[in-house]
Amino acid sequence: PQVCESAGEPLSSRLEPRQMSDSQRFPVAAHALAYLAHKGAYDAAHACPSAILAASVPTNPVVIRRVTALLSKAGLIATRPGASGGSWLLRQPEEIRLDEVLKAVNGCAHLGSPPLGAKGCPIGEHIPRQVAKVLTLADQAASDSLRKITIADLLAAAHEPVGTGPAEGDRHPRGVVLVTHRLAALDGADEGILLGAPSPSP
């Protein structure tokens, strides 16, 4: 099978395993889930190694293992350690909503948390609490939007088919219905532009 790598060793093996920021977790998690669906990784026999997932992003396999640990804890995937290990989906891609993925990787943690504030300061004593409320609203708004989109939708918009394992053909569909209006609405783009179709002449 084709692996996302350059000549010689995979790019992922040459990337340093830096500490992953909160803002990276959700994009990497969504990417990993989409790749597992694309490869038909629905059971241990079709587990996808972290090095292969990392080559697709690309990032270091250590980063992938940190993300897959969170996704496994949330019950979205299963993992198996070791040289023959890897990850596989526990649910069909059309059943995995992006708000669940966001929650699995700790939500909008990348927005940070307000400082404690200085006692005796009229701003320091009250503004942090108001900022905390705004952060809660932001997290809720993100969840409300992402609830309408699934991993299958991401693959559909990218024109990528959902793969199936040989033993799971009856349970997991070989394709997904194109659902691109949701992504187009969020992106502010025309559906044809989103899918890479030629733009209409003015």
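With which residue does R147 form a salt bridge, the closest N and O atoms being 2.9 Å apart? In this predicted model, the partner of R147 is D144, and the views below begin with the whole chain before returning to that pair.

**View 1. Overall fold of the predicted model.** The protein contains nine helices and two strands, which follow one another along the sequence in the pattern α-α-α-α-β-β-α-α-α-α-α. Of its 202 residues, 37% count as buried, and carbon and sulfur atoms supply 58% of the roughly 11500 Å² that the protein exposes. Among contacts between residues at least 6 apart in sequence, 65% join residues at least 24 apart.

**View 2. Salt-bridge network of R97, D99, D144 and R147.** Besides its salt bridge with D144, R147 meets the side chain of D99 at 3.5 Å, N to O. Because D99 belongs to helix α5 (residues 98–104) and R147 to the loop between α6 and α7 (151–157), this pair ties together parts that are 48 residues apart in sequence. D99 is buried, at 9% relative accessibility, whereas R147 is partly exposed at 37% and D144 is partly exposed at 33%.

**View 3. Salt bridge between R91 and E100.** The closest N and O atoms of R91 and E100 are 2.9 Å apart, and R91 counts as partly exposed, with a relative accessibility of 24%. The protein has four salt bridges by the rule applied here.

**View 4. Nonpolar surface patch formed by I123, I127 and V131.** Together these residues present about 240 Å² of accessible area. I127, which is found in helix α6 (residues 127–146), counts as partly exposed at 40% relative accessibility.

Conventions: Residues numbered from 1 in each chain as written. Predicted model: local features only at pLDDT ≥ 70, side-chain atom pairs only at ≥ 80, totals over all residues. Heavy atoms only, no water. Patch = residues over 30% accessible without salt bridge, like charges linked within 9 Å, V, L, I, M, F, W, Y side chains within 5 Å. Areas by Shrake-Rupley, 256 points an atom, 1.4 Å probe, with all protein chains shown as cover. Helix = DSSP H or I, 4+ residues; strand = E, 2+ residues; numbered from the N terminus. Buried < 20%, exposed > 50% of the residue type's maximum accessible area, 1.4 Å probe, protein only. Contact = heavy atoms within 4.5 Å.
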